[in-house]
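Q: I have a structure open and would like to learn how to read it feature by feature. Could we start with empty space and work outward from there?

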Amino acid sequence: MRQTIYDITDLNKLSSIAGELLSLSDNRIFAIYGDLGAGKTTLVKHFCKYLNVLDTVSSPTFSIVNEYENIKQNKIFHFDLYRLESLEELEAIGISTYLNSGNYCFIEWPELASTFFPEHHSIIEIKLSKQKREVYLIEN
């Protein structure tokens with residue numbers, strides 16, 4: 001397991017860091033942890049910008065999953081699982097199909113879905129303190 005830490009106190013660095021995070025491995029599943037307002041959706045927006053997504057990227061808080069398409073017509077899936085309460089709800093949205101699609105999946109509030117993740121996926125934690133904001137990348 002490898003861990004890398006990035007200082008994103010200056011949010012202008014987020015775009016280049018998003019590109020670097022995507023290029024570090026072949027993982028296409030990103031479980032994104034962080035408190036409310038930590039910047040999870042902002043990070044996903046930068047991932048999508050780097051992946052040349054054509055659609056407007058927004059939080060899927062109410063839709064649970066947003067599907068985007070990039071210039072190569074590849075699909076990118078963005079989840080917000082905050083409102084889900086059971087494994088049955090995850091199964092009902094077809095979480096396994098998304099995760100096994102080979103497409104990028106960015107999952108905010110991934111705690112409930114962890115049992116569905118493949119062995120190799122990336123874990124991102126966004127941590128805030130009064131002095132700084134950091135992104136931790138943990139790859140397994």
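A: Gladly! Keep in mind that this is a predicted model. Rolling a probe the size of a water molecule over the atoms shows where empty space is left. Here, the volume of the largest pocket comes to about 170 Å³.

Q: Which residues line the largest pocket?

A: Its lining is made up of Leu-36, Gly-37, Ala-38, Gly-39, Lys-40, Thr-41, Ser-59, Thr-61, Asp-80, Tyr-82, Glu-108 and Trp-109.

Q: How many residues of each class are in that lining?

A: Sorted by class, the lining of the largest pocket has five polar, four nonpolar and three charged residues.

Q: Let me pick one of them, Asp-80. Where is Asp-80 found?

A: Look at strand 4, residues 75-80, which holds Asp-80.

Q: What should I check around the charge of Asp-80?

A: For a charged side chain, look at burial and at possible partners. Asp-80 is buried but has no salt bridge. Arg-83, the nearest side chain of opposite charge, lies 6.8 Å away, and a salt bridge needs the atoms within 4 Å. Asp-80 does have a polar contact, though: its side chain meets that of Thr-61 at 3.2 Å. Both Asp-80 and Thr-61 are among the pocket-lining residues.

Q: Next, backbone angles. Which residues that are not glycine have a positive phi?

A: Two to look at are Ile-64, with phi of about 75°, and Gln-73, with phi near 65°. Ile-64 sits in the loop between helix 2 (40-50) and strand 3 (65-69), while Gln-73 belongs to the loop between strand 3 and strand 4.

Q: Are Ile-64 and Gln-73 buried or exposed?

A: Compare the relative accessible areas with the cut-offs: under 20% is buried, over 50% is exposed. Ile-64 has 8%, so it is buried. Gln-73 has 61%, so it is exposed.

Q: Can we practise that on a strand and a helix?

A: Of course. Ile-32, in strand 2 (residues 29-34), has a relative accessible area of 0% and is therefore buried. Ser-16, in helix 1 (residues 14-23), is exposed because its value is 52%.

Q: What does the side chain of Ser-16 reach?

A: Follow the side chain to the backbone oxygen of Lys-13, which it reaches at 3.1 Å.

Q: And how do I compare distance in sequence with distance in space?

A: Take the residue separation, then the C-alpha separation. Ser-16 and Val-57 are 41 residues apart along the chain, with their C-alpha atoms separated by 18 Å. For Ile-32 and Glu-91, the values are 59 residues in sequence and 20 Å between C-alpha atoms.

Notes
Residues are numbered from 1 along each chain as its sequence is written. This is a predicted model: local features need pLDDT of at least 70, side-chain atom pairs count only at pLDDT 80 or more; totals for chains, interfaces and linings use all residues. Side-chain values use heavy atoms; hydrogens and water are left out. On a 1 Å grid over the protein atoms alone, a cavity is a set of points where a 1.4 Å probe fits but cannot get out, and a pocket is an open set with protein on both sides within 12 Å along at least five of seven lines; lining residues have an atom within 4 Å of a point. Grid points are joined across faces, edges and corners, and a volume is the space filled by probe spheres set on the points. Ala, Val, Leu, Ile, Met, Phe, Trp, Tyr, Cys and Pro count as nonpolar, Asp, Glu, Lys and Arg as charged, and the others, Gly among them, as polar. Helices (H or I, at least four residues) and strands (E, at least two) are DSSP runs, numbered from the N terminus. Buried means under 20% relative accessible area, exposed over 50%, partly exposed in between (1.4 Å probe, protein chains only). Lys and Arg count as positive and Asp and Glu as negative; His and the chain ends are not counted. A polar contact is a pair of N or O atoms within 3.5 Å; within protein, one must be able to donate a hydrogen and the other to accept it, and residues adjacent in sequence count only if both atoms are side-chain atoms.
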